[in-house]
Amino acid sequence: MSSNAKSAEVQESAAENSEQEYKPLKSSLIDSFNRQVRYLRLSVTDRCNLRCTYCMAEDMTFLPKSRVLSLEEMALVGRAFVELGVEKIRLTGGEPLVRKGIVELAENLSQLNGLRELVMTTNGVLLDKFAQPLNNAGVRRLNISIDSLKAERFRELTRFGVVEDVFRGIDAARQAGFQRIKLNAVVLKGINDDEVLNLTRFAIDKGLDISFIEEMPLGEITSHERAKTAVENVSIREQLDAEFGLEESDFHDAASGPSRYVKISNSQTKVGFISPMSNNFCASCNRVRVTAEGKLLLCLGNEHSLDLRSILRERPGSLKDEIIQSMQRKPQKHEFDPNDITITRHMSATGG
Ligand code: SAM
Ligand code: SF4
């Protein structure tokens, strides 16, 4: 048996173990490599209340309001994708919590028949206020980004952020009853790589999961040279194993495709490694992204896209057909080169 087939078998049985009742229907969104798209990342704004140095340039120009999808248009996009077989929607940005009406949008999407999971990625700054309303609106899981626990370093990395705001946000989220909360940390050599163990301890102490993300060369930045600050996740995994001991985890998020997790020994904390630079996971990609201006991006690392905004505004009746057809243009894989910015859009515009 090939190792791919073996790992698919392991995935399947893990999914069966954790979700006995779950029998996925075939998605209508099938690309030319026979991958089924089941996961939509919907960026609700390109704006943000932070300016993380790896994500944004110092001077950013944001979209004028007329080019951003309205909340009603976003709800229509979400509905179309769910009717076509998407089971999981992640609200993201920019910072999703700076978009006015985000709770109402969440409420609207969470009621879609066929959607198994509505989740969000946030920087946590505004969670103190929004955690409970989001949970009440049907958001079931949160990813909260935090790259440093040190006040001064956090401020530098985000250009003006206050880490205490995120701590308060995390605690509010823990009180609000989410099924799962996961921290996200982008690790950069010489900048925050000395905090890998402390960030993990923080997650363990708070009863949260954590993922480490390799920085991707999306958009021009000036704060650091990406090729020099790159950290491969394999080295983080070794550090964690030496310090805490790692166990294989049978946790598999059926709708999330490539994410794989290990568990910290003697704890509930699962650790994910998102390794777009060192370990291409495109063969099992099951996701697409829609930007705040309605661009359907078929791959994070390629420009292949479909302009949903003009379809919504000029010929809404063909929305689902055009989405189905666009799947044939989903590229086989991304090719990132940290020395070369082939993708000029920043992560904040892409919807991470
Ligand atoms: N503002 C929210 C946040 O920070 O969680 C949501 C949007 S942000 C673009 C989503 C995720 O992308 C964050 O975890 C962030 O750390 C990550 N990210 C941003 N720029 C990145 C890059 N160039 N490479 C890898 N991850 C990046
Ligand atoms: Fe904003 Fe998130 Fe980008 Fe940081 S990573 S600048 S919080 S969008």
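**Exercise 1.** In this predicted model, determine which residue of β9 is the bridge partner of V262, and describe how β8 and β9 pair.

*Solution.* Step 1. The bridge partner of V262 in β9 is V271. Step 2. Strand β8 covers residues 261–264 and strand β9 covers residues 270–274. Step 3. These two strands pair in the antiparallel sense, over 3 bridges. In general, strands of a sheet pair through backbone hydrogen bonds, either parallel or antiparallel.

**Exercise 2.** Identify the helix α6 contacts with the sheet and state the angle between α6 and β4.

*Solution.* Step 1. Helix α6 comprises residues 163–175 and packs on the sheet. Step 2. The strands touched by α6 are β4 (141–145) and β5 (180–186). Step 3. The direction of α6 makes about 165° with that of β4.

**Exercise 3.** Give the order of the strands in the sheet, and explain why one side of β7 and of β12 is left without a neighbour.

*Solution.* Step 1. The open sheet is formed by 12 strands, in the order β7-β8-β9-β6-β5-β4-β3-β2-β1-β10-β11-β12, with mixed pairing. Step 2. Strands β7 (246–248) and β12 (305–307) stand at the edges and have a single partner strand each; therefore one side of each lacks a neighbour in the sheet. Step 3. From one strand to the next, the twist averages 25°.

**Exercise 4.** Describe the surroundings of ligand 1, beginning with the residues that come nearest.

*Solution.* Step 1. There are 19 residues around ligand 1, of which Y54, G94, S145, M216 and M347 come nearest. Step 2. An oxygen atom of ligand 1 lies 2.9 Å from a polar side-chain atom of Y54. A nitrogen atom of the ligand is 3.0 Å from a backbone N or O atom of G94, and a side-chain N or O atom of E95 lies 3.2 Å from a nitrogen atom of ligand 1. Step 3. Taken alone, ligand 1 exposes 550 Å², of which the protein buries 95%. Step 4. The shell consists of 6 nonpolar, 9 polar and 4 charged residues.

**Exercise 5.** List the residues around ligand 2 and classify them.

*Solution.* Step 1. The residues are C48, L50, R51, C52, C55, M56, G94 and N123. Step 2. They divide into 5 nonpolar, 2 polar and 1 charged.

Terms used: Residues are numbered from 1 along each chain as its sequence is written. Chains are lettered from A and ligands numbered from 1 in the order in which they are written. This is a predicted model: local features need pLDDT of at least 70, side-chain atom pairs count only at pLDDT 80 or more; totals for chains, interfaces and linings use all residues. Side-chain values use heavy atoms; hydrogens and water are left out. Two strands pair if DSSP finds at least two bridges between them. Helices (H or I, at least four residues) and strands (E, at least two) are DSSP runs, numbered from the N terminus. Axes are lines fitted to C-alpha atoms, for helices over the stretch in contact, and angles run from 0 to 180 degrees between N-to-C directions. Contact means heavy atoms within 4.5 Å. A residue is near a molecule or strand if one of its heavy atoms lies within 4 Å of it. A polar contact is a pair of N or O atoms within 3.5 Å; within protein, one must be able to donate a hydrogen and the other to accept it, and residues adjacent in sequence count only if both atoms are side-chain atoms. Accessible areas come from the Shrake-Rupley method with a 1.4 Å probe; for residues, only the protein chains shown count as cover. Ala, Val, Leu, Ile, Met, Phe, Trp, Tyr, Cys and Pro count as nonpolar, Asp, Glu, Lys and Arg as charged, and the others, Gly among them, as polar.
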